[in-house]
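Let's take a friendly walk through this structure, one part at a time. Keep the view open beside the text as you read.

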Amino acid sequence: MITIRNAKAEDLPELIAIERLCFSPEEAATQEAFEKRIRLIPDSFFVAEADGVIAGLINGPVIESPFITDDLFQTIKENPASGGHQTILGLAVSPAFQNRGIASMLLAHLEASAEEAGRETITLTCKENLIGYYKSHGYLNNGVSSSDHAGAIWYNMSKPLQLR
């Protein structure tokens, strides 16, 4: 059984381990970045648990602009109560739990949370090989991002939300 909940400070070692398994050292969030995100944006930092073991994570702050900028990987602030654009800075599932729909569950959970808070869109950047995955979840490809995070080519993806 998979349950999704808000991340907690005591999850940090497992979160860092999953991040390092799923991203290159240049791309992976640092311990300091995760500590800040857990403290400042607990309302948009979720983990998926499978029988008490953290299987995956999704997180990102709410921003005013429709696309992610590289400064967000270092500097974030608390989410506004409503409005704005929900980002996804990280979506990762431990290799031991992949291909079970956990990433899709995390996306759906974040989307529902963002809709409830009146966010306009969900926005993220991804590499070319993941464009099809996000398109299958209703995201639009908005072209190459201005991001040069980790020296990679990233694509802006966004999904309009149904405001409640």
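**Pockets, a strand and a helix**

In this predicted model, the lining of the second largest pocket is made up of six nonpolar, two polar and four charged residues. Its volume is about 180 Å³. Among the residues lining the second largest pocket you can find Pro61, Val62, Asp71, Lys77 and Gly84.

Now turn to the largest pocket, which has a volume of about 820 Å³. A total of 38 residues line the largest pocket, and Phe23, Leu91, Ala92, Leu130 and Tyr134 lie nearest its centre. Sorted by character, the lining of the largest pocket has 22 nonpolar, ten polar and six charged residues. Which elements supply at least two residues each to this lining? They are helix H1 (12-22), helix H2 (31-40), strand E6 (90-93), helix H3, strand E7 (121-126) and helix H4 (131-135). Of these, E6 gives the most, with four residues.

One of those contributors, strand E7, deserves a visit of its own. All six of its six residues are buried, so E7 is largely enclosed by the rest of the structure. In a regular strand, side chains alternate between the two faces of the sheet. You can follow this along E7: Thr121, Thr123 and Thr125 point one way, while Ile122, Leu124 and Cys126 point the other way. E7 also has strand partners. With strand E5 (residues 85-88), E7 pairs in the parallel sense over four bridges, and Gln86 stands opposite Ile122. With strand E9 (residues 155-160), E7 runs antiparallel, joined by six bridges; here Thr125 stands opposite Asn156.

Next comes helix H3, which covers residues 102-116. Its 15 residues reach 21 Å from the first C-alpha to the last, close to the 21 Å expected at 1.5 Å a residue. An α-helix has 3.6 residues a turn, so residues three or four places apart point the same way. Keep that in mind while looking at the buried residues of H3: Ile102, Ala103, Leu106, Leu107, Leu110, Glu111, Ala114 and Glu115. Just after H3, Gly118 takes a positive phi of about 75°.

Finally, look for the aromatic rings. How many aromatic pairs does the structure hold? There are three. In one pair, the rings of Tyr134 and Tyr139 have centres 5.6 Å apart and planes at 75°, so this pair is edge-to-face. Tyr134 and Tyr139 are both buried. Ring pairs also bring Tyr133 into the picture, linking Tyr133, Tyr134 and Tyr139 into a cluster. Tyr134 takes us back to the largest pocket, as one of the residues nearest its centre.

Conventions
Residues are numbered from 1 along each chain as its sequence is written. This is a predicted model: local features need pLDDT of at least 70, side-chain atom pairs count only at pLDDT 80 or more; totals for chains, interfaces and linings use all residues. Side-chain values use heavy atoms; hydrogens and water are left out. The expected span of a helix is 1.5 Å times one less than its number of residues. Buried means under 20% relative accessible area, exposed over 50%, partly exposed in between (1.4 Å probe, protein chains only). Rings of Phe, Tyr and Trp (its six-membered ring) pair if their centres lie within 6.5 Å; planes under 30 degrees apart count as stacked, over 60 as edge-to-face and the rest as tilted. On a 1 Å grid over the protein atoms alone, a cavity is a set of points where a 1.4 Å probe fits but cannot get out, and a pocket is an open set with protein on both sides within 12 Å along at least five of seven lines; lining residues have an atom within 4 Å of a point. Grid points are joined across faces, edges and corners, and a volume is the space filled by probe spheres set on the points. Ala, Val, Leu, Ile, Met, Phe, Trp, Tyr, Cys and Pro count as nonpolar, Asp, Glu, Lys and Arg as charged, and the others, Gly among them, as polar. Two strands pair if DSSP finds at least two bridges between them.
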